[in-house]
Amino acid sequence: MSANFAQTVLSLDQLVFTTREVAERNKTSVASASQGLARLAKSGLLTRVLRNVWAKTTDKRLSAYDIIPYLNPKHRAYLSFISALNLYGVISQIPQVITVASTAHSQMVKTTLGTFHVHQLSPDFFDGFDWAAGHGYLVATPEKALVDCLYLSCHKKRQFKHFPEIDLSALK
């Protein structure tokens, strides 16, 4: 691995990136980029989050939420449900699993940065989110996160029947 490769990777503006993105930027093969990234991970400068997805874990700005767009790249996804409600201070309980809304099939995704529960929503209901300030992931508005919880409670798994310590004044 050349010093130039490491410098190029570490100078990327992104906190999370794919092997293909690094290969294209370095004008090298995906296999060669993968080997270089693995060496950087071994030295502690990066972490392999998912297959072909890497994160600059030494960067203090990195959040587990930053990998949401990489969970299923063919489908848009946004932080929602109790994870978003906690982010906004509507609930104080910190969820152990990060909850995400997507049009992709529901699934549990375990990564080195956290465990994500992706809940499938109808495409007609997929709205009410925006970019998180200073990050590359989408997040539901507080009201939409609450509505998403109610949607799943009524239509799907009845998973969000009870809300711990909800503070509706945070929705104002």
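The buried residues of helix H1 (residues 3-10) pack against strand E1, helix H2 and helix H3 (30-42). Here, contact means heavy atoms within 4.5 Å, and buried means under 20% relative accessible area, exposed over 50% and partly exposed in between, with a 1.4 Å probe and protein chains only. Helices (H or I, at least four residues) and strands (E, at least two) are DSSP runs, numbered from the N terminus. The structure is a predicted model, in which local features need pLDDT of at least 70 and side-chain atom pairs count only at pLDDT 80 or more, while totals for chains, interfaces and linings use all residues. Residues are numbered from 1 along each chain as its sequence is written, and side-chain values use heavy atoms, with hydrogens and water left out.

Which residues of H1 are buried? They are Phe 5, Ala 6, Thr 8 and Val 9. These four cover an arc of only 160° around the axis, so they sit on the same side of H1; the arc is that of the directions from the helix axis to the C-beta atoms. The face turned away from this buried side carries Ala 3, Asn 4 and Gln 7, which are exposed.

The whole protein can now be viewed in outline. Its secondary structure comes to five helices and nine strands, and along the sequence they follow the pattern α-β-α-α-β-β-β-α-β-β-β-β-β-α. Of the 172 residues, 44% are buried. Among contacts with a separation of 6 or more, 54% are between residues 24 or more positions apart. The protein exposes about 9500 Å², and carbon and sulfur atoms supply 51% of that area; accessible areas come from the Shrake-Rupley method with a 1.4 Å probe, and for residues only the protein chains shown count as cover.

The helices H2 and H3 also pack against each other. Two packed helices are described by the angle between their axes and the distance between the axes. For H2 and H3 the angle is about 110° and the axes are 8 Å apart, which makes H2 roughly perpendicular to H3. Axes are lines fitted to C-alpha atoms, for helices over the stretch in contact, and angles run from 0 to 180 degrees between N-to-C directions. Angles under 35 degrees count as roughly parallel, over 145 as roughly antiparallel, 65 to 115 as roughly perpendicular and the rest as oblique. On the H2 side, Thr 19, Arg 20, Val 22 and Ala 23 make the contact, and on the H3 side Val 30, Ala 33, Ser 34 and Leu 37 do so. Helix H2 (residues 19-26) also lies across E1 and E3, running at about 75° to E1.

Strands E1 and E3 belong to an open, antiparallel sheet of three strands in the order E1-E3-E2. Two strands pair if DSSP finds at least two bridges between them. Strand E1 (16-18) and strand E2 (47-50) stand at the edges with a single partner strand each, so one side of each has no neighbour in the sheet. From one strand to the next, the twist averages 35°. Three bridges pair E2 with strand E3 (residues 53-55) in the antiparallel sense, and Leu 50 has Val 53 as its bridge partner in E3. The loop between E2 and E3 holds Asn 52, which is not a glycine yet has a positive phi of about 65°. Most residues other than glycine have a negative phi, and most peptide bonds are trans. Asn 52 is partly exposed, with a relative accessible area of 33%.

Further along the chain, strand E7 (residues 115-120) runs parallel to strand E5 (residues 98-102), and five bridges join them. One pairing sets Ala 101 against its bridge partner His 119 in E7. Strand E6 (residues 107-110) is antiparallel to E7 and joined to it by four bridges, with Lys 110 opposite Thr 115. Four residues lie between E6 and E7 in this hairpin, and Gly 114 in the turn has a positive phi of about 160°.

Finally, how are Ala 145 and Phe 81 placed, buried or exposed? Ala 145, in helix H5 (residues 142-155), is buried with a relative accessible area of 0%. Phe 81, in helix H4 (residues 81-87), is buried as well, with a relative accessible area of 0%, and has a positive phi of about 55° although it is not a glycine. Leaving aside neighbours within four places in sequence, Ala 145 is in contact with Ser 80, Phe 81, Ala 84, Leu 85 and Ala 140. The C-alpha atoms of Ala 145 and Leu 85 are separated by 6.4 Å, although these residues are 60 residues apart along the chain.
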